[in-house]
Amino acid sequence: MPTLDRQESVFVLDLGAGENRFHPDWIASVDEALDQVEKADGHRALVTVATGKFYSNGLDLDWLLAHADRHQEYVVSVHALFARLLSLPVPTVAALQGHTFAAGGMFSLAHDVRVMRADRGFWCLPEADINIPFSPAMSALIQSRLTPQVAHEAMTTARRYGGHDALGAAIVDRAVDEDAVRATAVELAAAQAARAGATLGTIKARMYAPVLALLRDTADPLG
Amino acid sequence: MPTLDRQESVFVLDLGAGENRFHPDWIASVDEALDQVEKADGHRALVTVATGKFYSNGLDLDWLLAHADRHQEYVVSVHALFARLLSLPVPTVAALQGHTFAAGGMFSLAHDVRVMRADRGFWCLPEADINIPFSPAMSALIQSRLTPQVAHEAMTTARRYGGHDALGAAIVDRAVDEDAVRATAVELAAAQAARAGATLGTIKARMYAPVLALLRDTADPLG
Amino acid sequence: MPTLDRQESVFVLDLGAGENRFHPDWIASVDEALDQVEKADGHRALVTVATGKFYSNGLDLDWLLAHADRHQEYVVSVHALFARLLSLPVPTVAALQGHTFAAGGMFSLAHDVRVMRADRGFWCLPEADINIPFSPAMSALIQSRLTPQVAHEAMTTARRYGGHDALGAAIVDRAVDEDAVRATAVELAAAQAARAGATLGTIKARMYAPVLALLRDTADPLG
């Protein structure tokens, strides 16, 4: 389960040591961590990272299969998490130390900045291959952060981007050696920590207002 | 007139050996070809290409001049063709072996991928020079596939992009030797053929929902 | 105060020799210059430039502090200026010979093209640091001209882009030596002067229709 640690101005949220799929308990735990970060005072920033081979593999399909009747409620909760992160009044950096797939990729796009391991691991939206189309809100989130050409390729071909490819496509902002992923993310976060506050929150909320409206549409989250 | 051929999983639609302008009969013929591709079963993809100096020179202005009373109906049919191609539940690759101008350029942008001849031929939106402003729907289509800087330059300056320039501007995805244009397009299409199906169609329809709504607005197609 | 000069087909508007902040009189003067450019006949284009260290430092915060009761009316007038420039039926080039900050940066983005001095001077949106969030209309303007990654960094980190950085980020279209800034802008403008006219105006108005609607929303300009 996710654990929150603080190093001076930078909160580091470790998403877990497994596949870090979005189980309802995992979502609740991340949400609680965001509460702590948001409610803290003063200069602060958030780094998310994980332990091991995966950053996150996305939706918890096993749980979803066992709880088909809660599908809509589940999607609403995932959308809400994305919306909250996308408009968090605190600088956010995703440290992609391992595979970042599907909703894990979207979660990474809801951060201000992404740092990816250069030599191993993939960033990938496999939805076209697993017959799970993006919800309209997820589609809007992805398209709001990538250029048209990159969003189209990522969303329609399930391409697996290694670190250098993801950097070239501007999916991530940095591609660095394995042992520098976390440190680079913490450094970038610390450099922005003074900007935490209501103004930053308003700037993000206005930039992504149409995306946030879709992510927060609880009536028809599946389009 | 357009002719449809099949090479294993890849349908190849030759748009013709002339300027391949959008005469109503040409539009009907392309539309019928898309019917065949869409209704076919299993793995499949579509390559469009043409024979000779032109991929397509766009709207049939001679026909339009002779049928001014059918202007609105004509624009509706062009918009509908763009909408259909943009959301086709089949991977699509445009092989731009020759000049690709005006509505021909927009038609190319409605494909998933574009391969362009590197050494000769231009991709160009000459509308600013010929006093035909883009319809709001055409404008939305172009802007949905290009970066802001490139869309602005292409739409306001009538710049003629050669293959290398078009690649640099991410208007096309590949720029290759003349004799490799068609083969490269077929190869890229074949590599995606397994992704044909309803999920791909839904992904594209949701990505371009605002553009498709404008393209399908039959009440006021000229804005 | 701004002064308008004409060199053959190119109008050159010098924004002033100070910080060139948006005092109401300055706005009225620029607006009057745009009247002259718009009403002139034939081939023409507009270059804006300034004299000295600053292109423009943006909103006149001193005036605003002294006239807090006119805040909304003031923002409406700034939005209107952006809207007018963004849809001007004349090619426009900003020659950024000096610092271009905040609303000065937005003003530059409302031009068709930007030429920046390469060796000194910054393009910067410092709003995140001075606790003035972008209005929704300003946010839409900036996001309509920059890629998602660049807009996000520029708007949330107050990064100061030098000429080469701004060129690499596609914030500007050229970065040249100090003594070439104005001449390059005039040359680019002259090359587009033949495109002045109603078609160009319609093309721009349709491209930026959603942005223009926000910029012209006088009821709730502050969101």
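## Two faces of chain C

The side chains of Asp129(B) and Arg195(C) meet in a salt bridge, with N and O 2.5 Å apart. The model is a predicted one. The rule finds one salt bridge across the interface of chain C and chain B. Nine residue pairs in polar contact are also found across this interface, both partners at pLDDT 80 or more.

**The side of chain C that touches chain B**

Two elements of chain C give two or more residues to this side: H6 and helix H10 (198-207). H10(C) gives the most, with seven residues. By type, the residues on this side divide into seven nonpolar, five polar and six charged.

In all, 18 residues of chain C are in contact with 22 residues of chain B. The two chains bury about 1,600 Å² between them. Carbon and sulfur atoms account for 56% of that area. In chain C, the residues that lose the most area to chain B are Arg195(C), Arg206(C) and Met207(C). Together they make up 40% of what that side buries. Arg195(C) thus appears twice here: in the salt bridge with Asp129(B), and among the residues that lose the most area.

**The side of chain C that touches chain A**

Here 22 residues of chain C are in contact with 18 residues of chain A. Which three residues of chain C supply the most of the area it buries against chain A? They are Pro148(C), Gln149(C) and His152(C), with 37%. The area buried between the two chains is about 1,600 Å², and carbon and sulfur atoms give 56% of it.

One salt bridge is found across this interface as well. Arg195(A) forms it with Asp129(C), and the closest N and O atoms are 2.5 Å apart. The count of residue pairs in polar contact between chain C and chain A is nine, both at pLDDT 80 or more. Three helices of chain C give two or more residues to this side: H5 (127-130), H6 (136-145) and H7 (148-157). H7(C) gives the most, with seven residues. The residues on this side divide into 10 nonpolar, 10 polar and two charged.

The table sets out the two salt bridges.

| Interface | Arg partner | Asp partner | N to O distance |
|---|---|---|---|
| Chain C and chain B | Arg195(C) | Asp129(B) | 2.5 Å |
| Chain C and chain A | Arg195(A) | Asp129(C) | 2.5 Å |

**How the copies are related**

Chain C can be laid on chain B by a turn of 120° and a shift of 0.0 Å along the axis, with an RMSD of 0.0 Å. The two copies are therefore related as by a three-fold rotation axis. Which residue of chain C comes closest to the rotation axis? Thr147(C) does, with its C-alpha at 3.7 Å. The copies use different surfaces: 6% of the contact residues of chain C recur in chain B.

**A hairpin in chain A**

Away from the interface counts, chain A offers a local detail. Strand E1 (residues 3-7) and strand E2 (residues 10-14) of chain A pair in the antiparallel sense over five bridges. Asp5(A) stands opposite Val12(A) in E2(A). The hairpin of E1(A) and E2(A) has two residues between the strands. In this hairpin Glu8(A) takes a positive phi near 50°.

Definitions and conventions
Residues numbered from 1 in each chain as written. Chains lettered and ligands numbered in written order. Predicted model: local features only at pLDDT ≥ 70, side-chain atom pairs only at ≥ 80, totals over all residues. Heavy atoms only, no water. Contact = heavy atoms within 4.5 Å. Buried area = accessible area lost by both parts, 1.4 Å probe. Salt bridge = Lys/Arg side-chain N within 4 Å of Asp/Glu carboxyl O. Polar contact = N/O pair within 3.5 Å; in protein donor to acceptor, adjacent residues only side chain to side chain. Helix = DSSP H or I, 4+ residues; strand = E, 2+ residues; numbered from the N terminus. Nonpolar A, V, L, I, M, F, W, Y, C, P; charged D, E, K, R; others polar. Least-squares fit on C-alpha atoms with pLDDT ≥ 70 in both. Pairing = 2+ DSSP bridges.
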